[in-house]
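Subject: Structure handover

Hello,

I am passing this structure on to you, as agreed. Please look through it alongside the notes below.

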Amino acid sequence: MELRLNSPVGNLPAVYYWPLCKKKGYDEAKEIIETIVWGCSDIPDLSVPLKKNILHDVDVTSYESMKALTKRYNKAINNVLLLEKGTQKFCDRLNRVASKELLRHIIQQTYSAAVTDAEELNKYQAFSPDVYGETSFDLITQMLDVIKPGKDDVFVDLGSGVGQVVLQLAGASPCKRCVGIERADVPAKYAKAMESKFKFWMQWYGKRYGYFELIKGDFFHDAFRDKFTEATVIFVNNFAFGPAVDHKLKERFAELKQGTKIVSSKSFCPLNFRISDRNLSDIGTIMIVSEIAPVKSSVSWTGKPVSYYLHVIDRTKLEKYFQAKKNGSLHSLFAEDAETSCDSFETDNSRENGDKYLNLNAPLKKRGRMLKPPNSSTNNGVEINGEGPAKSIIRPGKLVLAHSELETLETTKKDKKRKRPVNGRPRN
Ligand code: SAM
């Protein structure tokens, strides 16, 4: 015994089998009703019949009642298609982006149909990088609001599980490409089913989605090296990855393009990271990190709000550090500290103001107290020795400095010894 729901844009019908599935967290009868409501949502002419007639007097426990419901709905849709097909009105309805709430419904029904035994996803080795957990639709919506990806962006989810994050990006963002890579067998198997169910439902509603791939494999495999370098937005739910995997990821991140954004559930460098001579090989020297304010129900494993972190690759940070050192401007700027050390460099860390974004264009200051305004031609410029932008040669595992930078560093160290500040002001 089956129940068919015709597509509101004339694509293949959806078929449900009686008895309908009802289990913890999923009620197929409810899904059918919601799907009918969403199916009519783009057709204003159906809003009155939907309330007065189509959804009238339905007993979801009775096959006869549900069959009669689908019959009324299909008849209404067929009439609309007969009148509208080929008209401008019909074309206008086709291939639009799904609204946020419709996409939420589509991803939910995709998941319900594809992940037939969610318990299977919980079978992983405890305290290993394979620990499974899902990021919520709301958190990804929030991430999209923050990063606002454009049509030239390439999104990659490292360890994509069943792929719902990638599907949300494909349905909600204009990204050129959305890619997920997942190593574990069970989530990768479900990701295949998610892919086909998602495509089916998006077509059923006549909604647009971008190109996406859900790949089975280890994201550290050489075959996926270019996935890192092509990416402009990387998402990684690394909460349980552990230090070894996080370290390897940082090595890969050293190869990312300038401006690449990384959103993760555990930050890859401290929020208050400051460059100093002691941490020049740290990934924090080439990224700006901030916290995305936690939302409720961010993840599947806890109801508590969980923070996510946004990192933006910015190599000018390192260049500015060396520039400031070369010019000795760290002395003049941080004179009160110069007696002891001038090897810490900090841009306006607005963390003190409750805002965790670093502002590289703001005046340099130390411990929240600025002694002298910066000379814009020195502190904010990236030229070293008038030879154009300084280059940091960045290789996996190690941030190796260009020869000119090392020279600059050495000269600055010598200068520092020679030019001891007197009474808190540097000698000229
Ligand atoms: N990204 C999804 C989300 O946030 O909803 C799933 C996150 S889940 C916590 C992390 C996933 O990363 C697991 O499914 C695990 O198998 C996968 N993973 C861990 N190391 C991996 C690797 N080297 N290559 C591919 N996947 C990996």
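The notes below go through the domains, the ligand, the helix contacts and two backbone details.

Please keep in mind that this is a predicted model.

Domains

The domain assignment divides the protein into domain 1 (2-94), domain 2 (120-314) and domain 3 (317-418). Taken over C-alpha atoms, the centres of domain 1 and domain 2 are 35 Å apart. Domain 1 puts eight residues into the contact between these two, and domain 2 puts in four residues. On the side of domain 1 that touches domain 2, five residues are nonpolar, two are polar and one is charged.

Ligand

There are 21 residues around the ligand, and those that come nearest are Thr135, Gly159, Gly161, Arg183 and Asn237. Sorted by class, this shell consists of nine nonpolar, six polar and six charged residues.

Helix α5 and its contacts

Helix α5 covers residues 100-114, and helix α8 covers residues 185-205. Their axes lie 8 Å apart, and the two helices pack at an angle of about 135°. That angle falls in neither the parallel, the antiparallel nor the perpendicular range, so α5 and α8 count as oblique to each other. The crossing in which α5 passes α8 is right-handed. From α5, the contact draws on Leu102, Ile106, Gln109, Thr110, Tyr111, Ala113 and Ala114. From α8, the residues are Tyr190, Ala193, Met194, Lys197, Phe198, Trp201, Met202 and Tyr205. By class, the contact of α5 with α8 has twelve nonpolar residues, two polar and one charged.

Helix α5 also meets helix α1, which spans residues 28-40. The axes of α1 and α5 come within 11 Å and cross at roughly 145°. Here the crossing, α1 passing α5, is left-handed. On the α1 side the contact is formed by Glu31, Glu34, Thr35 and Trp38, and on the α5 side by Leu102, His105, Gln109 and Ser112. The residues of this contact divide into two nonpolar, four polar and two charged. Leu102 and Gln109 of α5 appear in the contact with α8 and also in the contact with α1.

Helices α2 and α3

Helix α2 (47-54) and helix α3 (63-84) are joined by a loop that holds Asp57. The axes of α2 and α3 are 11 Å apart, and the packing angle is about 160°. Angles over 145 degrees count as roughly antiparallel, and α2 and α3 are therefore roughly antiparallel to each other. Their crossing is right-handed. Pro49, Asn53 and Ile54 of α2 are in contact with Arg72, Tyr73 and Ala76 of α3. Four of the residues in this contact are nonpolar, one is polar and one is charged.

Backbone details

Two places in the backbone can be checked by eye. Most residues other than glycine have a negative phi, and most peptide bonds are trans. Asp57, in the loop between α2 and α3, has a positive phi, near 55°, although this residue is not a glycine. The peptide bond from Trp18 to Pro19 is cis, with omega near 5°. Pro19 sits in the loop between β2 (14-17) and β3 (22-23).

Regards

Note on methods:
Residues numbered from 1 in each chain as written. Predicted model: local features only at pLDDT ≥ 70, side-chain atom pairs only at ≥ 80, totals over all residues. Near = placed C-beta within 6 Å. Nonpolar A, V, L, I, M, F, W, Y, C, P; charged D, E, K, R; others polar. Domains from an automatic or database assignment. Contact = placed C-beta atoms within 7 Å. Axes fitted to C-alpha atoms, helices over the stretch in contact; angles between N-to-C directions. Helix = DSSP H or I, 4+ residues; strand = E, 2+ residues; numbered from the N terminus. Parallel < 35°, antiparallel > 145°, perpendicular 65-115°, else oblique. Left-handed = near helix turned anticlockwise from the far one by under 90°.
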